[in-house]
Amino acid sequence: MAEWRPVRQVRTHELVLESIEAQVLAGELKAGDRLPPERELAPVLGVSRSALREALRVLETIGVLVAQAGRGADAGARIVRHPDDALGRLLRLHFALGSYSLHDVLEARVTLERSSFEAAARHGAPDALAEAEELLGRLGAAGLSPADFNDLDTRFHVAIARSSGNDLTSTLTSAVRESVRPLILRALEAAEDWPATAAALNADHTELLRLVRAGDGPAAADLAERHIRGFHGTLVADADEPADSPAPGGTEGAGT
């Protein structure tokens, strides 16, 4: 007697994605390569141009393709490597939807940044450390708003991760930090004494960079963990409290 099994239902654009992915995995498509024009590629794949466009939009969203409208040498779809923004957007949405708890994000940040600060102290890339130094100076500017501070703070931590020489650690550090950027910003804006909070955070940043430049990896990693668990840890504790509990204020235990 014949045995029947369910047939997998696949939308057309998913088949296009599988085809393009297969070309990438086989090494036929590399970063910088251009895809054929839609009017040529769609009939070759045997799909409609609307299905092809849907697949290309997915690839653009996940950071492996950029599409330029118009005509000329720069027009069309090109394979790229832009994982940072794509992963940050993905984690931010999944965190907001509850896929990961705030505690999960905290522990991931601690693991990643302990590793990156220790590696940066051993063999930090001079250009990335110079960028961190420049960002540190801007973080100390008088009158900096919480939003601007939050942006520069993120870039400081990512610059240290990039200096470690591990591109994946840098990308993941950026993505994990981006996932909680709105939450951290709200906490910064709620600080009772913002200038004092900013000064306390910058004192940590200054010492972190000093330890990295001095080559003291273990001390830099330990301070990075205390720095992250301070402010981020307060957010975790606050998330576990009843909704009508007061938000944390002041500078004690602050860290971003």
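# Close-up views

**View 1. E134 and R138 both lie in helix α6, 4 residues apart, which is about one turn of the helix.** Helices (DSSP runs of H or I, at least four residues) and strands (runs of E, at least two) are numbered from the N terminus. The model shown here is a predicted one, in which local features need pLDDT of at least 70 and side-chain atom pairs count only at pLDDT 80 or more, while totals for chains, interfaces and linings use all residues. Residues are numbered from 1 along each chain as its sequence is written, and side-chain values use heavy atoms, with hydrogens and water left out. In this view the side chains of E134 and R138 meet in a salt bridge, with 3.6 Å from N to O; the term stands for a side-chain nitrogen of Lys or Arg within 4 Å of a carboxyl oxygen of Asp or Glu. E134 counts as partly exposed at 40% relative accessibility, and R138 is also partly exposed, with a relative accessible area of 36%. Here buried means under 20% relative accessible area, exposed means over 50%, and partly exposed lies in between, with a 1.4 Å probe and protein chains only.

**View 2. A salt bridge joins the side chains of R162 and E131.** The distance from N to O in this pair is 2.1 Å. The pair links distant parts of the chain, since R162 belongs to helix α7 and E131 to helix α6, with their positions 31 residues apart in sequence. R162 counts as partly exposed at 33% relative accessibility, and E131 likewise counts as partly exposed, at 26%. Side chains of opposite charge can pair when their charged atoms come close.

**View 3. Further salt bridges include the pair formed by R11 and E14 and a network of five named residues, R92, D151, R155, E178 and R181.** For R11 and E14, the side chains meet at 3.5 Å, taken from N to O. R11 counts as exposed, at 54% relative accessibility, whereas E14 is partly exposed, with a relative accessible area of 26%. In the structure as a whole there are 17 salt bridges.

**View 4. Helix α7 runs over residues 146–163 and is largely enclosed by the rest of the structure, because 13 of its 18 residues are buried.** From its first C-alpha to its last, the helix reaches 26 Å, close to the 26 Å expected at 1.5 Å a residue; the expected span is 1.5 Å times one less than the number of residues in the helix. Just after α7, G165 takes a positive phi of about 90°.

**View 5. P146, which has its place in helix α7, is buried, with a relative accessible area of 18%.** Not counting residues up to four places away in sequence, P146 touches L185, L188, E189 and W194, where contact means heavy atoms within 4.5 Å. The C-alpha atoms of P146 and R186 are separated by 8.7 Å, although these two residues are 40 residues apart along the chain.

**View 6. The largest nonpolar core holds 38 residues, among which F117, F149, F156, I160, L188 and L209 touch the most other members.** A nonpolar core is a set of buried Ala, Val, Leu, Ile, Met, Phe, Trp, Tyr and Cys residues joined through side-chain atoms within 4.5 Å. Two or more residues of this largest core come from each of the elements α5 (102–123), α6 (126–139), α7, α9 (181–189), α10 (194–213) and α11 (217–240). One of its members, I160, touches S116, F117, A120, L129, A132 and L209, again leaving aside residues up to four places away in sequence. A second core, separate from this one, has 16 residues and includes L52, A55, L59 and A77.

**View 7. The protein chain, shown for orientation, contains 11 helices and 2 strands.** Read from the N terminus on, its elements follow the order α-α-α-β-β-α-α-α-α-α-α-α-α. Of the 256 residues of the chain, 39% count as buried. Among contacts between residues at least 6 apart in sequence, 69% join residues that are at least 24 apart.
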